[in-house]
Amino acid sequence: MTKNKSYTGIDFFRIIAAILVVTIHTSPLASYTRTGDFILTRVIARVAVPFFFMTSGFFLISRYSRGPGKLAAFLKKTALIYLAAMILYIPLNLYSGYFRADDLLPAILKDLVFDGTFYHLWYLPAAMLGAAIAWFLVRRLGFRGAFVLSLCLYLAGLAGDSYYGLTEKVPFLRAVYDSLFSLSDYTRNGVFYAPVFFVLGGLMAQREKRLPRGLGVCGLCVSLALMCAEALTLRRLGLQRHDSMYVLLPLCMFFLFDIILGFEGKRLKGLDTAALLIYLLHPAMIVAVRLLARLLNMWALLVDNSLVHFIAVCLASAAAAAVLSALWARLRPRRAKVLPGTDRAYLEIDLGNLRHNVEVLNAAMPPECRLMAVVKASAYGHGMYEVAVRLSELGVRAFVTATIDEGIELRRYGIPGEILILGHTATERARELRKYDLTQTLIDREYGDLLDKQGQNVKVHLKIDTGMHRLGYAWDDPDSVFAAFGAKHLRVTGIYTHLGSSESLEEADRQYSEEQICRFYGLLKELEARGAAIPKVHIQSSYGLLNYPDLRCDYARIGISLYGVPSSPHDRTRLELDLRPVLSMKTSVVLLRTVKAGQCVGYDRAFVAERDSVIAVLPVGYADGYPRSLSCGKGHVLINGRPAPVVGRVCMDQMAVDVTHIPDVRAGTAVTLIGRDGAEEISAAQVADAAGTITNELLSRMGKRLGLITRD
Ligand SMILES: *Cc1c(COP(=O)(O)O)cnc(C)c1O
């Protein structure tokens with residue numbers, strides 16, 4: 001998950017990397033210079049495979065993950081490719097006498113898991129093992145821990161690869177590595193070699209910034225030069241058992257990948273498949289070129305001349321890849337993809353507008369104030385995962401939920417930073433509060449004492465009731481509030497209150513809010529006088545910020561404004577911000593029916609046609625969040641840019657609208673229930689108002705059954 005869409009460089013480098021692998025297996029410079037060939041094929045070309053691992057890691061390993069589904073899909077796809085490649089190479093295995101070996105079964109098992117059944121195929125099991133290990137480490141330890149651990153694995157692998165000459169001088173180590181080598185021919189495998197590059201790829205995806213171009217290029221040149229020096233020294237000293245792994249390789253890869261990510265432009269489709277096919281097919285093409293050379297009697301040119309041989313193998317591999325991918329494109333079954341839960345109706349979440357709102361709100365808050373994003377009730381129906389992950393990527397580091405389970409859900413997605421739970425949590429769950437590093441609201445003294453007694457070190461914010469009379473310590477009971485600071489196991493990191501009528505600019509309401517604010521600051525002063533260290537302070541919700549923008553707080557708890565809508569279309573605020581709605585609700589017509597004047601539609605015969613009418617049936621109802629109170633013309637939808645009134649009662653799963661006056665409506669025509677269609681717009685606030693409620697309720701009831709489609 002990354003905002004950076006500059007994958008053009010990755011696409012092109014895949015081809016370069018595939019050719020570098022061909023280089024390794026054909027030694028193009030061997031006829032001319034042995035040292036040059038060593039540098040090209042045993043040092044420089046060694047960036048190819050780590051690049052492929054990093055690319056997979058870049059797309060696969062993310063801090064923000066919903067579950068292991070992505071990993072499973074990667075493993076399945078790689079396993080299928082592996083299977084196909086193994087079958088493809090069986091004739092060559094037969095020819096080379098592979099199956100005539102003694103101890104065939106253990107040898108095959110070992111090859112299946114580590115070494116590959118043909119020399120270049122080790123890459124595929126290594127990719128699977130490496131991905132799984134990296135995934136597991138990142139989940140468990142976070143990126144830093146995973147990187148350190150996988151780097152340790154790499155170093156251990158190094159000692160069995162190009163540094164083995166040193167290792168084998170220590171008898172104990174020699175014994176350890178020798179038993180290792182009975183399991184896997186090399187340490188260049190999925191356990192020691194691949195994980196660090198997968199983790200590094202994920203890290204690069206997570207990183208916000210690239211290096212300045214000059215620094216990246218310099219870094220790559222210097223680290224490559226040093227790696228050459230390292231390799232040549234090792235070779236001179238005769239220490240290399242194998243030559244895939246160098247101390248400087250991960251550093252080279254960091255600089256190289258950083259440069260690659262700097263290329264922006266249009267993506268070219270199919271380069272990834274082409275690169276994969278070149279990789280898989282080139283050993284077969286080496287055999288093919290040799291056969292051809294024998295047939296044409298051109299051995300001296302096509303095989304003995306290493307450069308011509310390399311070029312011939314490249315051309316043959318590219319041609320074979322082109323033919324196969326054309327065939328595949330022709331044969332592949334094409335099924336239109338519909339995301340589960342979005343075929344009937346769906347919520348469209350505009351993450352670009354979310355980002356815009358965050359920027360506008362940040363600019364409106366005082367500089368020392370931080371946005372605390374309220375994401376309770378599935379981010380007001382906008383999708384907890386989609387919204388929270390995007391906010392986190394945008395740098396939001398404080399979140400608010402209503403319940404502990406919502407808080408845990410955020411942590412499972414990988415959301416870092418502060419997560420404040422507004423509501424009551426059963427004190428028996430104190431251990432989970434600590435385990436997931438959640439911040440619990442103390443709702444009164446009794447609750448605080450009870451939570452403290454659980455003996456778990458929990459972070460808490462104190463809620464102060466300054467007049468809303470819902471949750472909180474009474475503002476005029478400083479003794480109780482002060483006592484919370486002395487709790488043995490609770491660490492007070494914040495204190496807040498909530499304004500009960502901040503949305504109103506009526507004089508009496510304003511006065512009441514001012515009074516609440518006054519009481520809150522009065523209490524803070526009293527606490528300070530008693531020697532309490534005042535923690536982070538917050539008061540404003542969305543309307544608190546819009547109507548009391550001058551308050552100097554550490555946080556503002558922003559919910560509805562983040563989603564770009566007012567609670568009601570009639571609200572006026574002191575601060576008028578350019579906020580944009582994030583959610584649209586859409587569906588499409590499933591069928592049209594004509595009803596004659598006098599015929600009814602739907603439950604209770606609530607609608608009887610006054611004229612011959614065309615009615616469109618929509619597959620969405622109140623169980624999807626569209627209010628039943630909009631029945632019988634109270635609500636309307638947009639079709640082909642024109643309003644169509646609801647006829648009859650909104651049912652649980654369907655509803656009907658009158659489209660008699662709208663041309664070109666068919667089964668499948670798009671319908672907007674909330675959002676914009678052409679020049680017309682139906683705002684969530686309008687819908688909520690027509691249904692006799694506020695946007696907050698309308699939105700928070702959505703998304704239980706409807707799927708989400710996100711846009712940037
Ligand atoms: C829900 C909630 C908010 C967010 O309110 P919005 O009006 O949606 O910004 C803030 N504080 C508390 C205590 C809440 O319950």
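Alanine 377 counts as partly exposed, at 27% relative accessibility. Its home is helix 16, which covers residues 376-381, and its phi is near 50°, a positive value in a residue other than glycine. Keep in mind as you look around that this is a predicted model. Below are the positive phi angles, the domains, the salt bridges and two helices.

**Positive phi angles**

- Alanine 377, in helix 16, has its positive phi near 50°.
- Aspartate 437 also has a positive phi, about 55°, although it is not a glycine.
- You'll find aspartate 437 in the loop between helix 19 and strand 5.
- With 36% relative accessibility, aspartate 437 counts as partly exposed.

**Domains and how two of them meet**

- The domain assignment splits the protein into domain 1 (2-331), domain 2 (349-563) and domain 3 (583-711).
- Domain 1 brings seven residues to its contact with domain 2, and domain 2 brings 12 residues.
- Measure from centre to centre on the C-alpha atoms, and domain 1 and domain 2 lie 49 Å apart.
- About 870 Å² of area is buried between domain 1 and domain 2, and carbon and sulfur atoms give 46% of that.
- Look for salt bridges across the interface of domain 1 and domain 2 and you get zero.
- Polar contacts do turn up there: three residue pairs between domain 1 and domain 2, both residues of each at pLDDT 80 or more.

**Salt bridges**

Side chains of opposite charge can pair when their charged atoms come close. The structure holds 32 salt bridges, and here are a few to look up.

- Arginine 46 and aspartate 243 join their side chains in a salt bridge, at 2.6 Å from N to O.
- Arginine 46 sits in the loop between helix 2 (34-43) and helix 3 (48-60), and aspartate 243 in the loop between helix 10 (213-237) and helix 11 (249-261), so this pair ties together parts that are 197 residues apart in sequence.
- Arginine 46 and aspartate 243 are both buried.
- Aspartate 350 and arginine 711 make a salt bridge too, with 3.3 Å from N to O.
- Aspartate 350 belongs to strand 1 (residues 345-350) and arginine 711 to strand 21 (residues 707-711), so the pair ties together parts that are 361 residues apart in sequence.
- Aspartate 350 is buried, with a relative accessible area of 13%, while arginine 711 counts as partly exposed at 42% relative accessibility.
- Aspartate 437, met above for its positive phi, forms a salt bridge with arginine 411, and their closest N and O atoms are 3.8 Å apart.
- That pair links distant parts of the chain, 26 residues apart: arginine 411 is in helix 18 (residues 404-412), and aspartate 437 is in the loop between helix 19 (430-435) and strand 5.
- Arginine 411 counts as buried at 16% relative accessibility, whereas aspartate 437 is partly exposed, with a relative accessible area of 36%.
- Salt bridges that share partners also join Arg344, Asp624, Asp653 and Arg705 into one network.

**Helix 2**

- The buried residues of helix 2 are Asp37, Phe38, Thr41 and Val43.
- These residues cover an arc of only 165° around the axis, which puts them on the same side of helix 2.
- As background, an α-helix has 3.6 residues a turn, so residues three or four places apart point the same way.
- The packing partners for the buried residues of helix 2 are helix 1 (8-26) and helix 10.
- At the start of helix 2, threonine 33 has a side-chain oxygen that reaches to within 3.5 Å of the backbone nitrogen of threonine 35.

**Helix 21**

- Helix 21 runs over residues 478-485, and its buried residues are Pro478, Ser480, Val481 and Ala484.
- Those residues cover an arc of only 165° around the axis, which puts them on the same side of helix 21.
- Among the strands that the buried residues of helix 21 pack against are strand 5 (439-442), strand 6 (458-465), strand 7 (473-474) and strand 8 (490-497).
- The buried residues of helix 21 also pack against helix 20 (445-452) and helix 22 (507-529).

Definitions and conventions:
Residues numbered from 1 in each chain as written. Predicted model: local features only at pLDDT ≥ 70, side-chain atom pairs only at ≥ 80, totals over all residues. Heavy atoms only, no water. Buried < 20%, exposed > 50% of the residue type's maximum accessible area, 1.4 Å probe, protein only. Helix = DSSP H or I, 4+ residues; strand = E, 2+ residues; numbered from the N terminus. Arc of directions from axis to C-beta. Contact = heavy atoms within 4.5 Å. Domains from an automatic or database assignment. Buried area = accessible area lost by both parts, 1.4 Å probe. Salt bridge = Lys/Arg side-chain N within 4 Å of Asp/Glu carboxyl O. Polar contact = N/O pair within 3.5 Å; in protein donor to acceptor, adjacent residues only side chain to side chain.
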